[in-house]
Amino acid sequence: GCVDALRANFPTVERLVGAEWFAAAAAIHARRSPPVLAQLIEYGADFADFLQTFEPARELPYLAGVAHLDRLWIEAFSAAEQPRLTLAAFAAQAPEKLAELRLKPCAAARWQWFALPVFTIWRCNREQLDVPRDLVWQGEGALLCRRDGRVVWQPLSAGGYAFLDACAAQRRLDEASALALQAQPDLDFNDLLARLFAAGVFAAEPSELTNHGGD
């Protein structure tokens, strides 16, 4: 049952390594880390850490990252519902107030930066596409968010990652944007904001905004 739960929770990992390899690794992990909760959708929170030090996975340095993204998918899917801040509500604020706003990522938003092209490998396998032959082996970020009952994903730049981290730390918009541009001087900040709002990343905060939209 634990192996089946891990197979259900980490489908992208299994597609990469094959059913036999995955079943053997999952069985070893299950013996070391049996479930502590009845809900098996929560099982495998430490599976990515296990793969990071699993000797047979040494030749697949991206595998733990792929497992981490599978886990972030579960977290985004299972997160509590929240009303989302719309771009229209954000744009309706007085210009002098915008810099002081604190944009709060919603509970269903997850983002991560990887030193390898983990997101491209994960996305191609998740969508059952071929990984590009000319894949550039460099760091990249990923953003996952549930919107209208579906978890959607997109690449995230270094500036976008820094911006969301700053927002999660409750930094003001002017501070968060400055950190984003520091991390990526050529960042198109308006394009970043448009994509984040389109994904429904930010929660509506009545204390910050008097006019907000829902999911």
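## A walk from asparagine 9 to glutamine 182

The side chain of asparagine 9 reaches out to the backbone oxygen of tyrosine 43, at 2.9 Å. That's a good place to start looking around this model, which is a predicted one. You'll find asparagine 9 in helix α1, the stretch covering residues 2–9. Is asparagine 9 buried or exposed? Its relative accessible area is 6%, and buried means under 20%, so asparagine 9 is buried. If you skip the neighbours within four places in sequence, asparagine 9 is in contact with Leu40, Ile41, Tyr43, Asp70 and Ile74.

One name in that group leads us onward: Asp70. Aspartate 70 has its place in helix α5, which takes in residues 63–78. With a relative accessibility of 0%, aspartate 70 counts as buried, because the cut-off for that word is under 20%. What does the side chain of aspartate 70 join up with? A polar contact of 2.6 Å links it to the side chain of threonine 12. Again leaving out the neighbours within four places in sequence, the residues in contact with aspartate 70 are Asn9, Phe10, Pro11, Thr12, Val13, Trp122 and Arg126.

Two of those residues, Trp122 and Arg126, bring us to another helix, α8, where they take part in the contact with α5. Two packed helices are described by the angle between their axes and the distance between the axes. For α5 and α8, the angle is about 65° and the axes are 9 Å apart. Their crossing is right-handed. On the α5 side, the contact is made by Gly65, Val66, Leu69, Asp70 and Trp73, while α8 brings Val118, Phe119, Ile121, Trp122 and Arg126. Sort the residues of this contact by class and you get seven nonpolar, one polar and two charged. So aspartate 70 turns up both in the polar contact with threonine 12 and in the packing of α5 against α8.

Now follow the chain past α8. Glutamine 128 sits in the loop between α8 (118–126) and β3 (140–147). Its phi is near 55°, a positive value in a residue other than glycine. Glutamine 128 has a relative accessible area of 60%, and the mark for exposed is over 50%, so glutamine 128 is exposed.

Further along there's a second helix pair to look at, α9 (residues 158–168) and α10. How do their axes cross? They come within 7 Å of each other, at roughly 150°. Angles over 145 degrees count as roughly antiparallel, so that is how α9 and α10 run relative to each other. The way α9 passes α10 is a right-handed crossing. From α9, the contact takes in Ala158, Gly159, Ala162, Phe163, Ala166 and Cys167; from α10, Leu173, Ala176, Ser177, Leu179, Ala180 and Ala183. By class, that contact has 10 nonpolar, two polar and no charged residues.

Between these two helices lies a loop, and glutamine 170 is in it. Phi of glutamine 170 is near 65°, which is positive although the residue isn't a glycine. At 59% relative accessibility, glutamine 170 counts as exposed.

Our last stop is glutamine 182, in helix α10 (residues 173–183). Here the relative accessible area is 63%, so glutamine 182 is exposed. Look from there to cysteine 167: the two are 15 residues apart in sequence and 15 Å apart in space, C-alpha to C-alpha.

Note on methods
Residues are numbered from 1 along each chain as its sequence is written. This is a predicted model: local features need pLDDT of at least 70, side-chain atom pairs count only at pLDDT 80 or more; totals for chains, interfaces and linings use all residues. Side-chain values use heavy atoms; hydrogens and water are left out. Helices (H or I, at least four residues) and strands (E, at least two) are DSSP runs, numbered from the N terminus. Buried means under 20% relative accessible area, exposed over 50%, partly exposed in between (1.4 Å probe, protein chains only). A polar contact is a pair of N or O atoms within 3.5 Å; within protein, one must be able to donate a hydrogen and the other to accept it, and residues adjacent in sequence count only if both atoms are side-chain atoms. Contact means heavy atoms within 4.5 Å. Axes are lines fitted to C-alpha atoms, for helices over the stretch in contact, and angles run from 0 to 180 degrees between N-to-C directions. Angles under 35 degrees count as roughly parallel, over 145 as roughly antiparallel, 65 to 115 as roughly perpendicular and the rest as oblique. A crossing is left-handed if the near helix is turned anticlockwise from the far one by less than a right angle, and right-handed if clockwise. Ala, Val, Leu, Ile, Met, Phe, Trp, Tyr, Cys and Pro count as nonpolar, Asp, Glu, Lys and Arg as charged, and the others, Gly among them, as polar.
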